[in-house]
Amino acid sequence: QVQLVESGGGLVQAGGSLRLSCVASGSIFSINAMGWYRQAPGKQRELVAVIDSDSTNYALSVKGRFTISRDNTKNTVYLQMSSLKPDDTAVYYCYARIRRTSWSPGLDYWGRGTQVTVSS
């Protein structure tokens, strides 16, 4: 079994900052990529940021304000969010593509989500 557990969400005023964390645990051989998606009420889930072994990618809406990082020794991914806007309000989901053995393909796993609410 593999679990992704997010933490760090909450309520913050516009212009403020939050840091999300996500720890992957369980039967893990390697993690190819980790990242964050978000889903606002009435909207589809969208990519926020993703990081793999040698690159990072961000949604245009968060570029310059959010920073994704990863600690491979702890199977943990972080999302530092600054200059938050009310439009950033959403449930943020952690994502990881994980190989459970050396011979298995990478499979996508998701956390249960953490709420981020930005007040104006």
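**Notebook: salt bridges, sheet and disulfide**

I began with R38 and found that R38 forms a salt bridge with E46, the closest N and O atoms being 2.7 Å apart. I used the term salt bridge for a side-chain nitrogen of Lys or Arg within 4 Å of a carboxyl oxygen of Asp or Glu. The model is predicted, so I noted that local features need pLDDT of at least 70 and side-chain atom pairs count only at pLDDT 80 or more, while totals for chains, interfaces and linings use all residues. Residues are numbered from 1 along each chain as its sequence is written, and side-chain values use heavy atoms, with hydrogens and water left out.

**Entry 1. The charged residues**

I recorded the general background before going on. Side chains of opposite charge can pair when their charged atoms come close.

I then looked up accessibility, with buried meaning under 20% relative accessible area, exposed over 50%, and partly exposed in between (1.4 Å probe, protein chains only). R38 has 5% relative accessibility and therefore counts as buried. E46, its partner, is partly exposed, with a relative accessible area of 36%.

I asked which other residue R38 meets in a salt bridge. The side chain of D88 meets that of R38, at 3.0 Å from N to O. This pair links distant parts of the chain, since R38 is in strand β4 (residues 30-39) and D88 is in the loop between β8 and β9, 50 residues apart. For strands I used DSSP runs (E, at least two residues), as for helices (H or I, at least four residues), numbered from the N terminus.

I next followed D88, which forms a salt bridge with R65, the closest N and O atoms being 2.8 Å apart. Here too distant parts of the chain are linked: D88 is in the loop between β8 and β9, and R65 is in the loop between β6 (56-58) and β7, 23 residues apart. D88 is buried, with a relative accessible area of 1%. R65, at 13% relative accessibility, also counts as buried. I concluded that salt bridges with shared partners join R38, E46, R65 and D88 into one network. A search of the whole structure finds four salt bridges.

**Entry 2. The four-stranded sheet**

I looked up an open sheet of four strands and wrote down its order as β1-β3-β8-β7, with antiparallel pairing. Which strands stand at the edges? They are β1 (2-7) and β7, each with a single partner strand, so one side of each is left without a neighbour in the sheet. The twist averages 15° from one strand to the next. I took pairing to require at least two DSSP bridges between two strands. For the twist, axes are lines fitted to C-alpha atoms, for helices over the stretch in contact, and angles run from 0 to 180 degrees between N-to-C directions.

I examined β7 and β8, which pair in the antiparallel sense over six bridges. As one example, R70 stands opposite V77 in β8.

**Entry 3. Two loop residues with positive phi**

I noted the usual situation for comparison. Most residues other than glycine have a negative phi, and most peptide bonds are trans.

N75 has a positive phi of about 50° although it is not a glycine. I located N75 in the loop between β7 (66-71) and β8 (76-81). N75 counts as partly exposed because its relative accessibility is 26%.

S83 likewise is not a glycine, and its phi is positive, at about 50°. I found S83 in the loop between β8 and β9 (90-99). S83 is partly exposed, with a relative accessible area of 41%.

**Entry 4. The disulfide**

I searched the whole structure for disulfides (a pair of cysteine sulfur atoms within 2.5 Å), and one was found. C22 and C94 form this disulfide, with their sulfur atoms 2.0 Å apart. The torsion about the S-S bond is about -85°, so the disulfide is left-handed. C22 lies in strand β3 (residues 18-26) and C94 in strand β9, so the pair ties together parts that are 72 residues apart in sequence. I asked whether C22 is buried or exposed. C22 counts as buried because its relative accessibility is 0%, and C94 is buried at 0% as well.

**Entry 5. A59**

I last looked up A59, whose place is in the loop between β6 and β7. A59 is buried, with a relative accessible area of 16%. A59 touches L47 and V48 (heavy atoms within 4.5 Å), not counting residues up to four places away in sequence. The C-alpha atoms of A59 and C22 are separated by 19 Å, and these residues are 37 apart along the chain.
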